[in-house]
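Dear colleague,

I am passing on the structure we spoke about, and my notes follow directly after it. Please read them alongside the coordinates.

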Amino acid sequence: MKSKNISETIPRPDGMAKATGRALYIADLPQGDADGRTQDGGVPVGPSVGLGTNQLVGRFYRSPHPRGRITARRYPQVPDGYTIVDATHVPGKNQIPMAASRDLPCFADEEVRYIGQIVAIVVGPDPQVVDELVDGIEIDVEARPVCLNMEESIALKGGAIHGTDNVFCRVDLDRGDVDAAFAHAATVAEGVYDTGFQEQFYMEGQGLITWRDGDRVGVRGSMQCPYYVNHAVTHVLGLPHDGVRVIQDTVGGAFGGKEDYPEIMGAPMAVASWVTGQPVKMLMDRVEDMAFTSKRHPSRCTYRSAWDAQGHLLAMDVLIDIDGGAYESYTKIVLMRAVFTCLGVYNVPAFRIRGRGLATNTVPSGAFRGFGAPQSLFGLEMHMEEAARTLGVESLELKKKLFLQKGDSTITEGTFRDTIILDELVAEAERLSQYSQKRAQYPTGGMRGIGMSFIIHGCGFTGDGEQKIIKGEVALEKDEAGHVEILCAAVDFGQGPQTTFRKVVAAVLGKEPEEIGFRYPDTDRVPDSGPTVASRTMMVVGYLIQKAAEDLRDHWKEGEFQRVEQKYSMPPGMAWDQEKLLGDCYATYGWGINVCEVETDPVTWETKVVGAWGIYDVGKAVDQRVVDGQIQGGMSQSLGYGAMEKLEIDHSGRFRQITMSDYMVPTSLDFPRTEASTVDNPYPYGPFGAKGMGEMVHDAGHAAYAAAVEQAVGKPCPCIPLVPETLLNIMEEHR
Amino acid sequence: MTVKLTVNGEERQVEVKDGTRRLLDVIREDLGLTGAKEGCGEGECGACSVLLNGQLVNSCLVPIAQADGSRVLTPEGLAQTPEGQVLAEAFTECHGAQCGFCTPGMMMASAALLYRNSQPNEQEIREGLSGNICRCTGYDMIIDAVLMAAQKGRGLWG
């Protein structure tokens, strides 16, 4: 690279293909072409990879009943060329294997737990006939009362859905004598903080093609984690790992929403291809996608804090409940991140934290950018506002005294080993937003307010997950002519590895980024570098790529084919006990501040955002514009989460908002420009000092927004989204 | 029925059984032009934007019979023009495209705006793009791209 500074931005290598309509998403792939036609970034397309003219259309038959034991199934007469595939056809195990659970069946067999649960798949050549067959299927269930939310879950309405108590998982942490602290406290602050469902709203709906090739099966399409799909399909079909080929096509957004669903959708499709021997294509329309794919876990956090007469924090007592929906799926890992993040950037001398993931008869909740952190950080940051009001001090002053410092213990009794630069971030936030000046200037209840929230986000998998579970591997290959290609399973769904990984390799090898090859992953060609999740792609996989490039540079042989490989190993000194949840829960942390300024209309209770700022320690930005794009996009999503993205369920557990006109996401007119800034704080085990940052940009914009609204209206606002009706209710309650 | 269209400057005839078939499906399936995307199918997201006789429309809402005899410009056609090239380069340089799924529609909406107002300010751009949803960028870098295309393409937009 010509530039010495890796942060200096470059044009996106995938930009022209996307802007000119040349990039091929799963719905765009041509059928029946001769093999070998290539696409930008993707693997060659042709009949041998699921695109033959014998492709069938697939549609799911989903349970119309929310809860009960299946007593009968009635299938219509099936014409030639059409097939109904269900649990009886599964050659392997009828379960979707996920990182911490196996309770979700591939096809509902004995019982259904939510409306929309997949019972069967109908495949055939004519979409209209397939639809008619789906409409002709019926199941009978012995119905039981529907459990709609966490209160009903705790009350065991209709009996337990899961186990004996509806608790999928618990995560509890303790430090010091919390009861004694509360007994001696001069002041106790308390509050209950609620967050709702949130829809990922990737612009491209879920879509996959599966096919059979002799004793092997293939899956291609829109996904975040090709090896997760590989693993799920091998499990369900009972095939060896090399018996399944998974290919990523251009992905039109994901945000966590394509972490579990391509497995949930792809495994039953793969069974249908296995049974029929033919390719099966399924593209979800927006309504099916919104109605039945995983959403962000709703949460209820209860915070109590004890303070002495001088205003020092003595202890916190925290309850975190999250709504896992009908099956556990990723709930335990989401809960772990919610709990491990729930004390934020503060040093809390004693605490008792009780976290639960609860079962209800709704669509299983899943992954969404932030993965538990946006929920508990909302509770924490709003509670700090409450505590500051109770103590009669300015919340930023209260928070500053509690800032974590290098050498402090983490929430799991590990150590913050790296320099923490919260003071520098505050200075930058003040410089850009004039937060303190405005905060002091706006009278409480004067319909204008400004709020600030703090973010900590552990990078990579929790604890020793990178070493014990993921075991990431990457490779670089150089051909005789000196062309270098990156081989890893990291997916670019917009967040930028197509740009940043190329820059890392180019910088090490003294080449230009566009000279470096990096195709979309195909599990037949690339090693398993792990899933594209958990703010791990740049820091963990990118670092392996950097090490591999250094190895190649140091052993470069002109005119020869060379392959170098790198495997993950934990940074030195890191230790974790998964049984006791003690030690370094993350290798390192990203840090950030969000500031939001609002004006509220006292007649309509509509709130207008007039300023938004995001200031972060991402270690080192490998491309400033990639990072700023994450900051701005994440702010837009988190402000949407806080202000407008209302997603409710009806009396039978179905989502009420299942179209784009009902579920409101931000347009270009809703929020002003987000001013983005980063402060360098290089991390020794990240590429060029980079840490993870893709998720923390969604961790607390909603908390800054709610804090700003609190100042504007002069009342506590402990629940989001703060749509006008909710704000009106808050104002009437306090009148 | 036979429908005549001028698509990206080329005269095309399409046989359709049903005149209510969506223009989006005709251009994607019959003409193989997959640049316009289906994001919602109900005219809310703008991913399927094309220019119909110079006007920005959601092609998922246009029955093909209504487009008979019309000029249609798709993202592929726009890309072939000098102004489309300037816009695409600006989106690439400003990182106005992340996942890229909304991008062809954003390109069409941006072009429609610049054809009628070649030097828009930020607020005019926000209004011009308000019918197109992007979930990745928060819109800021898309606006940067349109500003850059307005400046670099000075004189191109007529």
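**Cysteines, fold and one buried threonine**

Counting a disulfide as a pair of cysteine sulfur atoms within 2.5 Å, the total over all chains comes to zero. This is a predicted model, in which local features need pLDDT of at least 70 and side-chain atom pairs count only at pLDDT 80 or more, while totals for chains, interfaces and linings use all residues. Residues are numbered from 1 along each chain as its sequence is written, chains are lettered from A and ligands numbered from 1 in the order in which they are written, and side-chain values use heavy atoms, with hydrogens and water left out.

Two cysteines illustrate the disulfide result. The sulfur of B:Cys60 has its closest cysteine sulfur in B:Cys48, at 3.8 Å, which is too far for a bond; for A:Cys585 the closest is in A:Cys342, at 11 Å, again too far. B:Cys60 is buried at 6% relative accessibility, and A:Cys585 is buried at 1% (buried means under 20% relative accessible area, exposed over 50%, partly exposed in between, with a 1.4 Å probe and protein chains only).

Chain A holds 18 helices and 24 strands (DSSP runs, H or I of at least four residues for helices and E of at least two for strands, numbered from the N terminus). Its radius of gyration, taken over C-alpha atoms, is 26 Å, which agrees with the value near 27 Å for a compact globule of 735 residues (2.2 Å times the number of residues to the power 0.38). The C-alpha trace of chain A spans about 80 × 70 × 50 Å along its principal axes, and 65% of the residues of chain A count as buried.

In the loop between helix H16 (624-643) and strand S24 (674-678) of chain A lies A:Thr659, which counts as buried at 16% relative accessibility. Apart from neighbours within four places in sequence, A:Thr659 is in contact (heavy atoms within 4.5 Å) with A:Val287, A:Met290 and B:Glu42.

Chain B contains an open sheet of five strands in the order S2-S1-S5-S3-S4, with mixed pairing (two strands pair if DSSP finds at least two bridges between them). Strands S2 (10-15) and S4 (55-58) of chain B stand at the edges with a single partner strand each, so one side of each is left without a neighbour in the sheet. Strand S1 (residues 2-7) of chain B runs parallel to strand S5 (residues 70-73) of chain B, and three bridges join them; B:Val7 stands opposite B:Val72 in S5(B).

With best wishes
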